[in-house]
Amino acid sequence: MSRTWRRRATSHIAVGLCACSVLVAVIPLAAILFFVVSQGIQALNWDFFTKTPVPVGETGGGMSNAIIGSLMLSGLGALMAVPIGIFSGIYMSEYAGSRLASAVRFAADTLNGVPSIVIGVFAYGIVVLPFKQFSMIAGGVALGTMMIPIIARNTEELLKLVPHTLREGALALGATRGRAIMTVVLPAALPGIITGVVLALARIAGETAPLLFTSFNNRFWNVDPTQPTASLTVQIFTYATSPYEDWHRQAWAGALVLVSIVLICSILARVATRRLEKMSIGG
Amino acid sequence: MKGSRTGGDGGFRLFVGAFAVLVLAVVAAIGIELARESTLSIQKFGFGFWLTDVWDPVSGEFGARPFIWGTLYSSVLALLIAAPISLGIATYISELCPPALRQPLIFLTELLAAIPSIVYGLWGLFVLVPLVRQLEASMPAALRQLPLFSGPPIGLGMFSAALILAVMVVPFISSLAREVLKAVPRTQREGAYALGATQWEAIRVALTYGRTGIIGAIMLGFGRALGETMAVTMVIGNNPTISWSLFAPQYTMAAVIANEFTEAADELHLHALIEIGLVLFVITLFVNALSRLLIWSMNRQAVSRPATKIEPAKIGSAA
């Protein structure tokens with residue numbers, strides 16, 4: 001009898017520990033969100049969105065240039081990664097059996113696991129060194145490289161969800177394989193693919209390491225792709241590791257803006273995915 | 001599907017195939033480019049680069065052992081913390097929790113993965129590090145004598161880095177472990193229950209069945225931890241030493257690249273940093289490939305060995 005009791009007790013304790021581990025993970029999440037919001041909101045004001053950084057010693061100023069910089073960098077990254085990601089995703093899903101498809105799938109997963117700092121060194125090597133200048137393009141290439149595998153794998157997964165009958169219907173009507181994919185299969189999966197792109201953008205907008213020595217930093221407004229550019233993330237890093245109280249405040253404000261952008265994108269994408277799963281593709 | 005139309009199909013296949021090849025090319029280009037840009041350091045130091053401890057850009061001496069040490073030590077510590085927690089979460093979500101809680105909990109762990117590394121770093125630097133400093137300061141003197149806890153209480157150091165890393169890899173490991181548990185056939189648990197197992201014993205059966213995949217999930221978390229840059233750079237203290245002490249400021253491969261790259265004065269320094277990047281690339285490549293292989297073989301095993309063959313019909317007909 002005592003053995004049964006002991007086994008039951010072990011079971012209860014182990015199950016309890018599993019539940020506790022969920023709590024253990026939720027605590028840092030709550031703590032991070034709490035500090036980002038409470039510290040960030042104190043420093044957030046209109047100037048933050050409209051002004052550029054002020055020199056050391058003066059207080060005030062903002063991160064308008066960094067916000068624009070981050071948006072443009074992510075945009076450049078998407079410009080590079082969306083075509084490569086979507087078309088290679090189509091290849092992986094529509095010619096799934098081929099050896100090339102498995103190789104590309106493996107390459108995409110590998111690329112996804114390459115540390116972002118290494119991608120930064122790569123972009124430095126192929127863009128910054130030849131042109132002898134830090135530039136927004138170099139940052140865009142780094143971010144684009146990171147986006148490719150996310151978009152490619154997502155596109156592949158979504159295309160696989162499109163019912164075979166759609167493909168067969170198009171082919172039966174005499175369409176070529178390419179035409180069937182581009183006019184029937186791809187549009188069916190498009191909402192999901194766009195959602196995937198938004199998710200990839202959200203992830204990429206939060207990247208710092210690949211930008212440190214590609215787009216570098218800039219205290220002034222810049223929309224010229226061949227020039228170094230400020231970004232929200234690098235600016236937060238610079239400010240956070242500086243000794244100035246006012247800069248720390250601004251770093252928190254920057255973090256709040258960044259987290260808001262990232263979370264809103266993720267939540268919207270998540271909601272859209274749920275809805276898509278419920279209605280169209282699966283059917 | 002062969003016929004007059006295949007000409008058009010071939011063109012399309014070639015078109016999308018070209019983009020697919022591009023993905024392969026990018027991965028190859030990363031390796032080639034890193035190797036090409038680090039020749040100076042590779043030629044000058046050879047393998048000794050990884051065996052010496054002195055990192056002195058001013059005198060042109062570069063030894064990368066402290067960085068390798070810091071990267072491995074911080075990642076292993078992070079996994080020691082994160083692996084049990086992640087498995088607990090995965091088990092709770094997939095086996096134990098009420099269905100209504102499942103989606104919200106998955107969403108919460110996904111949020112952890114969505115928070116940018118720099119924000120973890122900022123929080124680590126201003127919130128976690130002071131807490132760790134207090135913990136270090138309040139440690140009894142007897143314990144401080146141990147090599148594991150030696151050093152002045154500054155807060156910045158290995159322990160803070162490992163904690164932050166652990167929080168960051170939990171969502172990766174737990175979501176993969178969840179997939180693995182999902183692939184474990186129901187009959188495994190039912191069999192255990194039928195033999196009179198308690199809830200935990202049945203879960204242990206499922207975990208044991210999926211152990212290959214779970215090791216794969218932990219390996220993938222390891223790969224993430226190895227390459228994590230910003231958060232670690234901000235809290236590890238950036239001091240190239242080799243020490244067992246949890247409280248000693250140390251350095252990692254990714255952190256030294258992030259800190260010194262733009263300040264590299266001469267080409268040798270730059271090449272030494274890129275060589276560190278090259279090795280980081282190769283290590284993460286290897287770890288990731290291995291983890292994918294493990295998870296893949298686990299899934300294959302689950303598919304090829306579906307529900308164990310219990311056939312109640314036969315029992316019925318025999319009776």
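Read along its sequence, chain A of this predicted model follows the pattern α-α-α-α-α-α-α-α-α-α. In numbers, chain A has 10 helices and 0 strands. The C-alpha atoms of chain A fill a box of roughly 70 × 70 × 35 Å, taken along the principal axes.

How much of chain A is buried? Of its 283 residues, 51% fall in the buried class. The contacts within chain A can also be sorted by how far apart the partners stand in the sequence. Among contacts with a separation of 6 or more, 73% join residues that are 24 or more positions apart.

Chain A can next be divided into domains. The domain assignment gives domain 1, covering residues 2-43, and domain 2, covering residues 48-278. Taken over C-alpha atoms, the centres of these two domains of chain A are separated by 32 Å. Where the domains touch, 7 residues of domain 1 of chain A are in contact with 7 residues of domain 2 of chain A. The domain 1 side of this boundary consists of 4 nonpolar and 3 polar residues, with no charged residues.

The model also holds a chain B, and the two chains touch. How many residues of chain B are in contact with chain A? The count is 67 residues of chain B, which meet 71 residues of chain A. On the chain B side, helix α1, residues 6-36, gives the most, with 17 residues. Sorted by class, the side of chain B that touches chain A has 43 nonpolar residues, 17 polar residues and 7 charged residues.

The last topic is the nonpolar interior. The largest nonpolar core has 179 residues, and the members that touch the most other members are B:V119, B:I164 and B:V235. Which helix of chain B gives the most to this core? Helix α7, residues 158-183, does so, with 18 residues. Chain A takes part as well: at least three residues of the core come from domain 1 (2-43) of chain A, and at least three from domain 2 (48-278) of chain A.

One of the core residues named above, B:I164, can be followed to its surroundings. Leaving aside neighbours within four places in sequence, B:I164 is in contact with B:Y120, B:G124 and B:L128. Its other contacts under that condition are B:A231, B:V232 and B:V235. B:V235 is thus met twice: B:V235 is a contact of B:I164, and B:V235 is also among the core members that touch the most others.

Conventions:
Residues numbered from 1 in each chain as written. Chains lettered and ligands numbered in written order. Predicted model: local features only at pLDDT ≥ 70, side-chain atom pairs only at ≥ 80, totals over all residues. Core = buried A, V, L, I, M, F, W, Y, C linked by C-beta atoms within 7 Å. Buried ≥ 20, exposed ≤ 12 C-beta atoms within 10 Å, placed from the backbone. Helix = DSSP H or I, 4+ residues; strand = E, 2+ residues; numbered from the N terminus. Domains from an automatic or database assignment. Nonpolar A, V, L, I, M, F, W, Y, C, P; charged D, E, K, R; others polar.
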